[in-house]
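Here is a short briefing for a first look. Keep the sequence and the 3D view open while reading.

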Amino acid sequence: FVRTPFFLDLSGYAAIAPNILIGGSLTASIDRLTYKDNEDYYYDFNTWLIGVSAMLFLDEIGNGPFIRGDLGYTYASVTDEGGYTVIEDTNESGTGFNVIAGYAVKTGNYSYLPAFVFSQKIIGISNVSTFGFTLSVLF
């Protein structure tokens, strides 16, 4: 397989304490696995979550280690294309959550560079979850 992952995180926050942010987020994990012997055959694993979000920095906002949690409506789909039957196509939705931990480095007065690992899960559906790593810029 050749793996092509993509992670989207659109979020907005307001500070409620020197080290706590509360807000909302839209996150997506889009993952395509393509067969090496034929690029026409692939399967996609996609998850989306829209909901409330909270970040706790162990130091000040935008500096040092942090944890983040998102809770909201989640939609997941798995699609098998091209003839190989690896998995059965499925679509699931429900209440889901993200758990994120990372480290942020301040790059200016209003921006910081976080690197984090994330895990996304739909509550009550045991076979739908994702895990990944990303590096981003927040303003």
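The points below go from the overall layout to single residues.

This is a predicted model. The chain holds 7 strands and 0 helices. Buried residues make up 35% of its 139 residues.

**Layout and confidence**

- Read along the sequence, the pattern is β-β-β-β-β-β-β.
- The mean pLDDT of the chain is 76. A score of at least 70 is reached by 70% of the residues.
- Confidence is highest in strand 2, at a mean of 86. Confidence is lowest in strand 7 (residues 129–135), where the mean is 60.

**Strand pairing**

- Strand 2 (residues 20–35) pairs with strand 3 (residues 38–57). The two run antiparallel, with 16 bridges between them.
- These two strands, strand 2 and strand 3, make a hairpin, and 2 residues lie between them.
- One position to find in this pairing is G23, which faces S53 in strand 3.
- Strand 3 is also joined to strand 4. This pairing is antiparallel too, and has 16 bridges.
- M55 has R68 of strand 4 as its bridge partner.
- Strand 3 and strand 4 form a hairpin with 6 residues between the strands. In this hairpin, G62 takes a positive phi near 85°.

**The salt-bridge network**

- The model has 2 salt bridges.
- One of them joins the side chains of D9 and R68, with N and O 2.6 Å apart. D9 sits in strand 1 (residues 2–17) and R68 in strand 4 (residues 64–81). The two residues are 59 residues apart, so the pair links distant parts of the chain.
- R68 also forms a salt bridge with D70. Here the closest N and O atoms are 2.8 Å apart.
- Is R68 buried or exposed? R68 counts as buried because its relative accessibility is 6%, and the cut-off for buried is under 20%.
- D70 is buried as well, because its relative accessible area is 2%.
- Shared partners join D9, R68 and D70 into one network of salt bridges.

**Around D70**

- D70 lies in strand 4.
- Which side chains does the side chain of D70 contact through polar atoms? One is the side chain of S25, at 3.4 Å. Another is the side chain of R68, at 2.8 Å.
- D70 therefore combines a buried position, at 2% relative accessibility, with a polar contact to S25 and a salt bridge to R68.

**The nonpolar core**

- Which residues make up the largest nonpolar core? The core has 6 residues: L21, M55, F57, F66, I100 and A104.
- Strand 3 and strand 5 (90–106) are the elements that give two or more residues to this core.
- M55 has two roles here: a member of the core and the bridge partner of R68.

**The aromatic pair**

- The structure holds 1 aromatic pair. Its members are F57 and F66.
- A pair of aromatic rings is described by the distance of the centres and the angle of the planes.
- For F57 and F66, the centres are 5.3 Å apart and the planes meet at 45°. The pair is tilted.
- F57 is buried because its relative accessible area is 0%.
- F66 is buried too, because its relative accessible area is 4%.
- Both F57 and F66 also belong to the largest nonpolar core.

**Y35 and V2**

- Y35 lies in strand 2.
- Y35 counts as buried because its relative accessibility is 11%.
- How far is the C-alpha atom of Y35 from that of V2? The separation is 6.3 Å, although the residues are 33 residues apart along the chain.

Key: Residues are numbered from 1 along each chain as its sequence is written. This is a predicted model: local features need pLDDT of at least 70, side-chain atom pairs count only at pLDDT 80 or more; totals for chains, interfaces and linings use all residues. Side-chain values use heavy atoms; hydrogens and water are left out. A salt bridge is a side-chain nitrogen of Lys or Arg within 4 Å of a carboxyl oxygen of Asp or Glu. Helices (H or I, at least four residues) and strands (E, at least two) are DSSP runs, numbered from the N terminus. Buried means under 20% relative accessible area, exposed over 50%, partly exposed in between (1.4 Å probe, protein chains only). Two strands pair if DSSP finds at least two bridges between them. A nonpolar core is a set of buried Ala, Val, Leu, Ile, Met, Phe, Trp, Tyr and Cys residues joined through side-chain atoms within 4.5 Å. Rings of Phe, Tyr and Trp (its six-membered ring) pair if their centres lie within 6.5 Å; planes under 30 degrees apart count as stacked, over 60 as edge-to-face and the rest as tilted. pLDDT is the predictor's confidence in each residue, from 0 to 100. A polar contact is a pair of N or O atoms within 3.5 Å; within protein, one must be able to donate a hydrogen and the other to accept it, and residues adjacent in sequence count only if both atoms are side-chain atoms.
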